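Reader: Could you take me through one part of this model slowly? I would love a close look at the aromatic residues and what surrounds them.

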Amino acid sequence: MFAGVKRGLITKVCYSDNGRFYQGLVNVTASGIPCQKWSEQAPHFHRRMPELFPELTNSDNYCRNPGGESERPWCYTMDRTVRWEFCNVPLCTNGMYFDIRQRFVGTVILIGNTLKC
C-alpha cells in the first residue's frame, strides 16, 4: 500500500468518498477499454506518475483517482482516441461487502464519509 494512510480508508472492491484510496483490481473503463499502465507514457502522456502520487504505487493499470482530483476512480485508456474514462467501480454503501486487507470481509456501514465495520 502507501505510507501515511490509515488502512480503514483503503477499499478494494468498492470506493468511498471520491475513491482516492480505492486499491482494487478493476483495469477496464466503463465502456470496456483496457487501462494504460500508470508508469507508462503511451499511448497517452501524463504527469500522474507513481513517484508523485503514492496511491499509484504498484497500481499497474488499475483504475485509481490519484490525488482525489476527480469524482471517482478512472484511468488513461489504451485507445489513442480516448484519453481517459471513468471505471465501473461500485460506490461502497451500507451493507456492501468489501476487502480492506485481502483477509477481512465484512459488512460496511457508511456514516457520512466514514466507513465503519
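Author: Happy to! Let us start with two tryptophans: Trp-38 is buried, and Trp-74 is buried as well. Please keep in mind throughout that this is a predicted model.

The rings of these two residues pair up. Their centres are 5.1 Å apart and the planes of Trp-38 and Trp-74 meet at 75°, which is over the 60 degrees needed, so the pair is edge-to-face. This pair joins distant parts of the chain: Trp-38 lies in the segment before β1 (74–76), while Trp-74 is in strand β1, and 36 residues separate them.

A second pair is made by Trp-84 and Phe-86. Here the ring centres are again 5.1 Å apart, with the planes at 90°, so Trp-84 and Phe-86 are also edge-to-face. The two partners differ in burial. Trp-84 has 39% relative accessibility and therefore counts as partly exposed, whereas Phe-86, at 17%, counts as buried. Phe-86 has another partner too: the charged end of Arg-72 sits over its ring, 4.1 Å from the centre.

Stepping back, the model has 5 aromatic pairs. Trp-38, Trp-74, Tyr-76, Trp-84 and Phe-86 together form one aromatic cluster.

Now for the nonpolar surroundings. In soluble globular proteins, nonpolar side chains tend to be buried together. The largest nonpolar core in this model has 13 residues, and Trp-38, Cys-63, Cys-75, Cys-87 and Val-89 are those with the most contacts inside it. Strand β1 supplies the largest share of this core, 3 residues. Trp-38 thus appears both in the aromatic cluster and among the core residues with the most contacts.

One neighbour deserves a look of its own. His-46 belongs to the segment before β1, and with a relative accessible area of 2% it is buried. Its contacts beyond four places in sequence include two members of the aromatic cluster, Trp-38 and Tyr-76. Gln-36, Lys-37, Glu-40, Gln-41 and Arg-83 are also in contact with His-46. In addition, the side chain of His-46 reaches the backbone nitrogen of Arg-48 at 3.1 Å.

Finally, a word on confidence. The protein chain has an average pLDDT of 82, and 74% of the residues score at least 70. Among the elements, strand β2 (residues 84–86) has the highest mean pLDDT, 98, and strand β3 (residues 97–99) the lowest, 48. Over residues 98–105 pLDDT stays under 50, and the model has 22 contacts beyond four places in sequence for that stretch.

How values were computed: Residues are numbered from 1 along each chain as its sequence is written. This is a predicted model: local features need pLDDT of at least 70, side-chain atom pairs count only at pLDDT 80 or more; totals for chains, interfaces and linings use all residues. Side-chain values use heavy atoms; hydrogens and water are left out. Rings of Phe, Tyr and Trp (its six-membered ring) pair if their centres lie within 6.5 Å; planes under 30 degrees apart count as stacked, over 60 as edge-to-face and the rest as tilted. Helices (H or I, at least four residues) and strands (E, at least two) are DSSP runs, numbered from the N terminus. Buried means under 20% relative accessible area, exposed over 50%, partly exposed in between (1.4 Å probe, protein chains only). A charge sits over a ring if NZ of Lys or CZ of Arg is within 6 Å of the ring centre and within 35 degrees of the ring normal. A nonpolar core is a set of buried Ala, Val, Leu, Ile, Met, Phe, Trp, Tyr and Cys residues joined through side-chain atoms within 4.5 Å. pLDDT is the predictor's confidence in each residue, from 0 to 100. Contact means heavy atoms within 4.5 Å. A polar contact is a pair of N or O atoms within 3.5 Å; within protein, one must be able to donate a hydrogen and the other to accept it, and residues adjacent in sequence count only if both atoms are side-chain atoms.
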